[in-house]
Amino acid sequence: MREPDEHQIAHINGIPLFPLSTLPQRFTDLDPNTQYYIHCKSGVRSLRALQFLREQGFKYLKSVKGGITAWADEVDHTVPKY
């Protein structure tokens with residue numbers, strides 16, 4: 001749920017960019033029967049996205065606690081923090 005400028009700074013390889021600002025217009029591009037793990041920088045925006053998607057009928061959603069910052073700290077130390 002990060003924005004393009006944030007994605008340029010740090011991203012997880014293979015994870016598509018889907019900015020929160022475009023979610024109301026683009027959520028129909030997503031399959032409501034697919035499991036999605038949603039992340040942002042620290043976890044706040046991903047919770048907003050999760051709530052919005054649940055209101056649209058999505059059931060299989062998880063917000064990545066701590067976002068990409070936690071990913072950089074705990075999983076992949078090569079991901080820049082900002």
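Helices and strands are taken here as DSSP runs, of at least four residues for a helix and at least two for a strand, numbered from the N terminus. In these terms, G43 lies in the loop that joins strand 1, residues 36–38, to helix 3. The model under discussion is a predicted one.

The protein chain holds 4 helices and 2 strands. Read from the N terminus, these elements follow the order α-α-β-α-β-α. The radius of gyration of the protein chain is 12 Å, close to the 12 Å that the globule rule gives for 82 residues, so the chain is as compact as a globular protein of that length. The C-alpha trace of the protein chain extends over about 35 × 20 × 20 Å along its principal axes. Of the contacts in the protein chain with a separation of 6 or more, 59% are between residues 24 or more positions apart.

The protein chain has an accessible surface of about 5300 Å², and carbon and sulfur atoms contribute 54% of that surface. Buried residues account for 33% of the 82 residues. The protein chain carries 10 positive and 9 negative charges, and the mean positions of the two sets lie 5 Å apart.

The largest nonpolar core consists of 13 residues. Those with the most contacts inside this core are M1, L23, I38, A49, L53, F58 and L61. Helix 3, spanning residues 44–55, supplies the largest share of the core, with 3 residues. Apart from this core lies another, made up of 5 residues, including I12, I68, A72 and V79. For L53, when residues up to four places away in sequence are not counted, the residues touched are L23, F27, L30, I38, F58 and L61.

Two further residues of helix 3 were examined, beginning with L50. L50 is located in helix 3. The relative accessibility of L50 is 9%, so L50 counts as buried, the cut-off being under 20%. Outside a window of up to four places in sequence, L50 touches I38, L61, K62 and S63. L50 and L61 are 11 residues apart along the chain, and their C-alpha atoms are separated by 6.6 Å. R45 is likewise placed in helix 3. With a relative accessible area of 19%, R45 is under the 20% cut-off and is therefore classed as buried. Its contacts, leaving aside neighbours within four places in sequence, are with M1, R2, E3, E6, L20 and C40.

The loops on either side of the region between strand 1 and helix 4 were considered through G43 and V64. G43, in the loop between strand 1 and helix 3, has a relative accessible area of 10% and is buried. Neighbours within four places in sequence aside, G43 is in contact with S63, V64, G66 and G67. From G43 to T69 the C-alpha to C-alpha distance is 8.9 Å, for a sequence separation of 26 residues. V64 is found in the loop between strand 2, residues 61–63, and helix 4. V64 has a relative accessible area of 27% and is partly exposed. This class applies because 27% falls between the limits of 20% for buried and 50% for exposed. Not counting residues up to four places away in sequence, V64 touches Y37, I38, H39, G43 and S46. V64 and P19 are 45 residues apart in sequence, with their C-alpha atoms 15 Å apart in space.

At the C-terminal side, Y82 belongs to the segment after helix 4, which covers residues 67–74. Y82 is partly exposed, at a relative accessible area of 31%. When neighbours within four places in sequence are left aside, Y82 is in contact with R2, E6, I9, A10, K41 and I68. The C-alpha atoms of Y82 and K62 are separated by 23 Å, the two residues being 20 residues apart along the chain.

Definitions and conventions:
Residues numbered from 1 in each chain as written. Predicted model: local features only at pLDDT ≥ 70, side-chain atom pairs only at ≥ 80, totals over all residues. Heavy atoms only, no water. Rg over C-alpha atoms; globule rule 2.2 N^0.38 Å. Buried < 20%, exposed > 50% of the residue type's maximum accessible area, 1.4 Å probe, protein only. Contact = heavy atoms within 4.5 Å. Areas by Shrake-Rupley, 256 points an atom, 1.4 Å probe, with all protein chains shown as cover. Lys, Arg positive; Asp, Glu negative; His and termini not counted. Charge placed at Lys NZ, Arg CZ, Asp CG, Glu CD. Core = buried A, V, L, I, M, F, W, Y, C linked by side-chain atoms within 4.5 Å.
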